[in-house]
Amino acid sequence: MHRFDTPQAALKQVFGYDNFRGQQEAAVETVVAGGDALVLMPTGGGKSLCYQIPALLRDGVAIVVSPLIALMQDQVDALEEVGVRAAYLNSTQAPEESARVRAALRRGEMDLLYVAPERLLMPAMLDFLDSLEIALFAIDEAHCVSIWGHDFRPEYGALSVLRERWPEVPRMALTATADPKTREEIVEKLLLNPKEFVASFDRPNIFYRVVDKRNVREQLLSFIRLEHPGECGIVYCIARQRCEEIAEYLSANGVRALFYHAGLSAQERAKRLALFQQEDDIVVVATIAFGMGIDKPNVRFVAHVDMPKSIEGYFQETGRAGRDGLPADAWMAYGLNDVVNQRYFIEQSDADEIHKQLSTQKLDAMLGFAEAPDCRRVRLLAYFGEASKPCGHCDNCVNPPELWDATLPAKKLVSCIYRAQQMSGVSFGAQHIIDILQGKTNERIKARGHDKLSTFGIGSDLADTQWRAVLRQLIARHVIWVDALHRNTLRLGASANALLRGELEVHVRKSLVLKKGGKHGAK
Ligand code: ADP
Ligand code: ZN
């Protein structure tokens, strides 16, 4: 059915918009002309129109592959609302309903069909599609095809069948998160000589900030009180129980807070999400389960009280702030435990070696961001393959951190770990090593004879916080690793020799180590 002559006409008449945004028009034209396209736009960037408009301009039905079954109904409703003939097929549907959809498809009375990948790949479904005229395939959340990506789904890999079975049908792959490696994998597995349409991932209205984690509940509370009283925000935590505790603490201190995690019933979750969408002063304290379906424009801050596992995750979560374009904050508290816990999660998981390595690389990239002495935005965008200049709108740009050359303390720390292990035949945790360096004569040290070590007391000039900051750097850079399976003891890592040979310098942000008003300043 050709109701429209041009993409512009469809945009105006169906969706009521006067102009395409950014790369939308070029992406639409590519697919209308029968070519493959890769569309990379941040969430809210307007990816849907990139395939919905070609669906109206090309003959046949557009097949939209999406893993998000929960959102299909909403998408179909929105399209029907503007007079587009759309439907979905999925496992939650009554048989009569899916029969009705199939009949409409056979009669050629459908513009778009949403389907989950596992459903699409069923032999009966593929045969059925063979009997239809297909306008295009749109593969949403295309990063799911990537092993390297943060949300790998095996059934996505099998979507390469589309290219083999329907070589003449254009394909569009869409995603909001794809670093260069993931991008390559999407193209390789799903597309053929695609044109790429990459929107900037910059969110200029978001102010990025990372603070040193001390007493995180109090830090969070004062951040909210000082900068966002009575406003709406999301606080991300790593564990369910922590969500509950922090929500309770905020509530007890006058912040209207709710917790949200996958342990709540579906009904209760829907209720809390709806409340968050409607009201303008609610803070939701959540695990990453709180994500899908949030489209609130005036979220004024996203806070992380625990460090996310990857930059993709961080970017996606912080991206929920400031959709309305007004100033918003991305605030994260970060400390040694984040590094230790995350490493532990990776090590004790059932994942295979390759996945553990991938997770470790992603975590390292995240650590690099958290510890960065320079522009946060430059770091973030660089991760997604985008070059940029210092932004002037992040903590490091506004307040360039003074750096402290911690190479010598780093060497002391490494020697101390080595010597203690040599003397006792076992390795020790962070606190014990720091106690030795500071020359503390406590019971454990005396019992082990560690007051006889040559490294005993050689670090008494530095405070605990300073030692921990040095340690974090060394862990992030693989000079030291934390043996999570043996009570978090410290071991020397791959780069320890490079440090001792003088091939590695260690710089720590002074703000991470200065104790306010304390006698231990950074040297
Ligand atoms: P994404 O899928 O990239 O997260 P959507 O396709 O849901 O983003 O679009 C986000 C919002 O932007 C929607 O409300 C959509 O209607 C709106 N939008 C998209 N393109 C345009 C446009 N050209 N003009 C105005 N609004 C648009
Ligand atoms: Zn900056």
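In this predicted model, strands β1 (residues 37–40) and β6 (residues 171–175) sit side by side, pairing in the parallel sense over four bridges. One of those pairings can be picked out by eye: Leu40 has Thr175 as its bridge partner in β6. Zooming out, β1 and β6 belong to an open sheet of seven strands, which runs in the order β3-β4-β2-β5-β6-β1-β7 with parallel pairing. The ends of that row are β3 (86–89) and β7 (195–198); each has a single partner strand, so one side of each is left without a neighbour in the sheet. Going from one strand to the next, the twist averages 20 degrees. A helix also leans on this sheet: α5 (residues 95–106) packs there and touches β2 (61–65), β3 and β4 (112–115). The direction of α5 makes about 130 degrees with that of β3.

A second open sheet turns up further along the chain numbering, this one built from six strands in the order β8-β13-β12-β9-β11-β10, and here the pairing is parallel. Its edge strands are β8 (206–212) and β10 (257–260), each of which pairs on one side only. Neighbouring strands in this sheet are turned against each other by 15 degrees on average, direction ignored. Helix α12 (residues 240–252) packs on the sheet and makes contact with β9, β10 and β11 (283–286). Set against β10, the direction of α12 makes about 175 degrees. Within the sheet, β9 (residues 233–236) and β12 (residues 301–304) run parallel and are joined by four bridges. For a concrete place to look, Gly233 finds its bridge partner in β12 at Phe301.

Next come the helix pairs, beginning with α2 and α3. Helix α2 (residues 24–32) packs with helix α3 (residues 48–57) at an angle of about 40 degrees, and their axes are 9 Å apart. That angle makes α2 oblique to α3. The crossing of these two helices is right-handed. On the α2 side, the contact is made by Gln24, Ala27, Val28, Val31 and Val32, while α3 brings in Leu49, Cys50, Ile53, Pro54 and Leu57. Sorted by class, the contact of α2 with α3 has nine nonpolar residues, one polar residue and no charged ones.

Another pair is α15 (residues 336–348) with α16 (residues 353–370), whose axes come within 10 Å and cross at roughly 165 degrees. An angle like that makes α15 roughly antiparallel to α16. The crossing of α15 and α16 is right-handed. Here Val339, Gln342 and Ile346 in α15 meet Lys356, Ser359, Thr360, Leu363 and Leu367 in α16. The residues of this contact split into four nonpolar, three polar and one charged.

Further on, helix α19 (residues 407–424) and helix α20 (residues 430–437) have axes that come within 10 Å and cross at roughly 110 degrees. The two are therefore roughly perpendicular to each other. Lys412, Leu413, Cys416, Ile417 and Ala420 of α19 make the contact with Ile433, Ile436 and Leu437 of α20. By class, the contact of α19 with α20 comes out as seven nonpolar residues, one charged residue and no polar ones.

Finally, there is the surrounding of ligand 1. There are 13 residues around ligand 1, and those that come nearest are Tyr17, Arg21, Gly46, Lys47 and Ser48. Ser48 also falls within the span of helix α3 (residues 48–57). As for the make-up of the shell around ligand 1, seven of its residues are polar, four are nonpolar and two are charged.

How values were computed
Residues are numbered from 1 along each chain as its sequence is written. Chains are lettered from A and ligands numbered from 1 in the order in which they are written. This is a predicted model: local features need pLDDT of at least 70, side-chain atom pairs count only at pLDDT 80 or more; totals for chains, interfaces and linings use all residues. A residue is near a molecule or strand if its C-beta atom, placed from the backbone, lies within 6 Å of it. Ala, Val, Leu, Ile, Met, Phe, Trp, Tyr, Cys and Pro count as nonpolar, Asp, Glu, Lys and Arg as charged, and the others, Gly among them, as polar. Two strands pair if DSSP finds at least two bridges between them. Axes are lines fitted to C-alpha atoms, for helices over the stretch in contact, and angles run from 0 to 180 degrees between N-to-C directions. Two residues are in contact if their C-beta atoms, placed from the backbone, lie within 7 Å. Angles under 35 degrees count as roughly parallel, over 145 as roughly antiparallel, 65 to 115 as roughly perpendicular and the rest as oblique. A crossing is left-handed if the near helix is turned anticlockwise from the far one by less than a right angle, and right-handed if clockwise.
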